[in-house]
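This report is for a reader who has not met the structure before. Please look at the sequence and the model together while reading.

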Amino acid sequence: MITEQESRAAALTPEPSEDAFIRLPPIRVRTEANEVARFLRETGDSPTAGFVPLTYPARWLALPAVRGAILQSIGGSGFLPVHEAQSFSYERILRIETDYVLAVEACRTATPPRVILKMAVSTGEGAICARAETVLRIVPLNLEPAS
Amino acid sequence: MIEAEAKLAPADWPKAGDEIGARNFGPFPPEALARYAVISGDDNPLHLDPNAARAAGLAGPPVHGMLMLSCFEPLIMRWRRDLFIAQLSGKFLRPVLAGDGICVSGRVMRSRESPRPELVLRLVARARSNDLAIVGEAVVLYKIPDPLN
């Protein structure tokens, strides 16, 4: 069932077009030890656990290029992305202090209004380590002052 | 190829219906959400600004869904250290507001020993109110134990 907010978002966001699909150029990332430790500390594990947590790649959604693709897919101000679903699929664990390459695609659907991001993490040699899919619901903001 | 995959199940390989335990995480006060926003990069104002949360129809900033989803890995690995989590997925059903905590738990839904030892786990995260926040699933494989860990 489509909620009232979803109906409003569908009415207010641009119609889907050829531009609704974005594929970014490959992005180099690195699992810095100190950042992994901080991530572990905030997600309930020991910062000295010595591994890269499997949800860690989600932080790469905040990279400027990826964030730009998300904002472009949302299509305007007055909306917020709300995380609706997330999945990770691993073939190899990610190792600390290691370089990886990200492949990212963003697709916007109008009905219901969502942005779906697909990310693949591979080694520099091209071996796939992990895939992730992020589903963001586009929620219109009610910017009217509260009465 | 799944890394460190083992072909034979151990004698104590879990069966369908086995509980994997439960564990509390949080509470997650606004400061915890601010720290997670910094380290995860998810600085969506929805999670940090009460006005933005209200504008989106919420009573207050919700805990990041990814922060809650991250709690399943320590739950699973505390249950058994000899597992490789090949898949983890979750749907965020109801927001858990800042200041609240969650209880994560799980159960073995499917177990097989061949052609490779594999379990499908049903995972849930509930707010203190018992509201269902996340329904998730994990596919885990038996991995060759690392003698160094």
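The sections below cover the contact between the chains and then the strand pairings.

## The contact between chains A and B

The model is predicted. In the contact, 33 residues belong to chain A and 32 residues to chain B. On the side of chain A that touches chain B, two elements give two or more residues: α2 (33-42) and β3 (79-90) of chain A. The largest share of this side comes from β3(A), with 11 residues.

What kinds of residues make up the side of chain A that touches chain B? This side holds 16 nonpolar residues, nine polar ones and eight charged ones.

## Pairing across the two chains

β3(A) also takes part in strand pairing with chain B. The partner is strand β2 (residues 83-92) of chain B, and the two pair in the antiparallel sense over five bridges. Two residue pairs show where the strands meet. A:Ala85 stands opposite B:Lys91 in β2(B), while A:Ser89 has B:Gln87 of β2(B) as its bridge partner.

## Strand β2 of chain B

β2(B) pairs within its own chain as well. Strand β5 (residues 132-142) of chain B is joined to β2(B) by nine bridges in the antiparallel sense. One residue to look for here is B:Ile85, whose bridge partner in β5(B) is B:Val140.

β2(B) therefore has β3(A) as a partner in chain A and β5(B) as a partner in chain B, and because seven of its 10 residues are buried, β2(B) is largely enclosed by the rest of the structure. In a regular strand, side chains alternate between the two faces of the sheet.

## Strands β1, β3 and β4 of chain B

Further pairings in chain B involve strand β3 (residues 102-112), which runs antiparallel to strand β1 (residues 19-25) and is joined to β1(B) by six bridges. In this pairing B:Glu19 has B:Arg107 of β3(B) as its bridge partner.

How many bridges join β3(B) to strand β4 (residues 118-127) of chain B? There are 10 bridges, and the two strands run antiparallel. B:Val104 stands opposite B:Ala125 in β4(B). The connection from β3(B) to β4(B) is a hairpin through five residues. In chain B, β3(B) thus pairs with β1(B) and with β4(B).

Definitions and conventions. Residues are numbered from 1 along each chain as its sequence is written. Chains are lettered from A and ligands numbered from 1 in the order in which they are written. This is a predicted model: local features need pLDDT of at least 70, side-chain atom pairs count only at pLDDT 80 or more; totals for chains, interfaces and linings use all residues. Two residues are in contact if their C-beta atoms, placed from the backbone, lie within 7 Å. Helices (H or I, at least four residues) and strands (E, at least two) are DSSP runs, numbered from the N terminus. Ala, Val, Leu, Ile, Met, Phe, Trp, Tyr, Cys and Pro count as nonpolar, Asp, Glu, Lys and Arg as charged, and the others, Gly among them, as polar. Two strands pair if DSSP finds at least two bridges between them. A residue is buried if 20 or more other C-beta atoms lie within 10 Å of its own, exposed if 12 or fewer, and partly exposed in between; C-beta atoms are placed from the backbone.
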